[in-house]
Amino acid sequence: MEARRVGPFEVSAIGLGCMSLSHAYGPPPARDQAERVLLGAIDAGYTFFDTAAVYGLGHNERLVGEVLKPHRDKIVLASKCGMTRGEERDLNGTPERLKQTCDESLARLGVEVIDLYYLHRWDKRVAIEESVGALAELVKAGKIHSIGLSEVGAAALRRAHAVHPIAALQTEYSPWTRNPEIAVLDACRELGIAFVAFSPVARGFLAGGASDPAKFGPGDFRKAMPRFQSEALAANLKLLEAFTDLAREAGCTPAQLCLAWLLHKDPIIVPIPGTSKPEHMVENAGAAAIRLSPEIMARVEKLVNERTVTGARYPEAMQATVDTEDRAS
């Protein structure tokens, strides 16, 4: 797989988001299946793995740390702090809490240093400079190599970068979520910051695997997302049919079309699709070799964008934790 830069690191152009191996999309897979995804990813050329303290309330960090321990010298490992139970009231960006979470994450991961450590959400009760200052102290202490931010807008990114160089900004980005195009991508280009795109296949929707919420398992948080609700879902399904046809014309799967579209948008972008299925992990990796014509790129953007997608990205409570510049998508 081709490589891209994230701060001081060279990583695979497509990384692996590990969240779905522990929570969020219904019951997590069995341990042996999760291991096949993680170890298979090494064989498929992935070198960038993304986890967080909140994923499975620590389960994901333990899983990733245990399974990938023999491959530690081959991978770039990212985790996150600032949110540990996934609730709005749980946001805590105080220096004390961030440092405590880092120590807990290091123990669960079984490593001495985390390569890229994100502030998962900005706790606006604490100045962004104060939270990033605490992360800078973790860099000096040798507990993390570099600092990232997640779901913050361009203004907050600039303020944070003035305190300590930010290696990566992580936000949802796919053909159906285009918010980063307002200002964040421009800021990342200007400051030399990598843009890590999570949910790059639209929570599975544009991959064709999330068209019927009735099939979502217990605890699948997509059930509460506006785009998967009744009338919004019906409108979005019309887009899915046309998107699938376009992928066929491009000679790839719908998931690969999403990922290739992102890779063609800008060399600073590193998508991190997640999956609990080994075959989907391999399929996603194949997107790095796909070449899209300018015509296909333009047709993707005309078909799926903030004007054609129906529904907000998050329900109100979740949206309240996000600082990114907002519009319909």
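**M281**

I began with M281, which sits in helix α9, residues 278–285; helices here are DSSP runs of H or I with at least four residues, strands are runs of E with at least two, and both are numbered from the N terminus. The model is predicted, so I kept in mind that local features need pLDDT of at least 70 and side-chain atom pairs count only at pLDDT 80 or more, while totals for chains, interfaces and linings use all residues. Residues are numbered from 1 along each chain as its sequence is written, and side-chain values use heavy atoms, with hydrogens and water left out.

I found M281 buried, at a relative accessible area of 2%, where buried means under 20%, exposed over 50%, and partly exposed in between, with a 1.4 Å probe and protein chains only. I then listed its contacts, meaning heavy atoms within 4.5 Å: with neighbours within four places in sequence left aside, M281 is in contact with L16, R36, V37, G40, A41, A44, Y46 and T275. As a distance check I took F221, which is 60 residues from M281 in sequence and 21 Å from it in space, C-alpha to C-alpha.

**E172 and E151**

Which side chains make polar contacts with the side chain of E172? I noted R203 at 3.5 Å and R313 at 3.0 Å; a polar contact is a pair of N or O atoms within 3.5 Å, where within protein one must be able to donate a hydrogen and the other to accept it, and residues adjacent in sequence count only if both atoms are side-chain atoms. E172 belongs to strand β8, residues 166–172, and is buried with a relative accessible area of 2%. Leaving out residues up to four places away in sequence, I found that E172 touches E151, T177, P180, F198, S199, R203, R313 and Y314. I also looked up V201, which lies 29 residues from E172 in sequence and 9.8 Å from it in space, C-alpha to C-alpha.

E151, one of the residues that E172 touches, is in the loop between β7 (144–150) and α5 (154–163). Its relative accessibility is 0%, so I entered E151 as buried. I marked the backbone of E151 as well, since its phi is positive at about 55° although E151 is not a glycine.

**A24**

I looked up a further positive phi at A24, where the value is near 90° in a residue other than glycine. For background, most residues other than glycine have a negative phi. A24 lies in the loop between β3 (16–17) and α1 (31–44), and its 8% relative accessibility counts as buried.

**The α10 end and the loop after it**

L303 is in helix α10, and outside four places in sequence I found it in contact with L239, A242, F243 and T308. From L303 to L185 I read 118 residues in sequence and 21 Å in space, C-alpha to C-alpha.

N305 lies in the loop between α10 (294–303) and α11 (316–319). What does the side chain of N305 reach? I found the backbone oxygen of E301 at 2.8 Å. N305 counts as buried at 3% relative accessibility, and, not counting residues up to four places away in sequence, it touches P175 and R178.

E306 is found in the loop between α10 and α11 and also counts as buried, at 17% relative accessibility. I recorded a polar contact of 2.9 Å that joins the side chains of E306 and R307.

**A214**

Is A214 buried or exposed? At 70% relative accessibility I entered A214 as exposed, and I placed it in the loop between β9 (194–198) and α7 (230–250). A162 is 52 residues from A214 in sequence, and I read 47 Å between them in space, C-alpha to C-alpha.

**Whole chain**

I closed with totals for the protein chain, which has eleven helices and ten strands. Its radius of gyration, taken over C-alpha atoms, is 18 Å, close to the 20 Å that the globule rule (2.2 Å times the number of residues to the power 0.38) gives for 329 residues, so the chain is as compact as a globular protein of that length. Buried residues make up 59% of the 329 residues. Of the contacts with a separation of 6 or more, 76% come from residues 24 or more positions apart.
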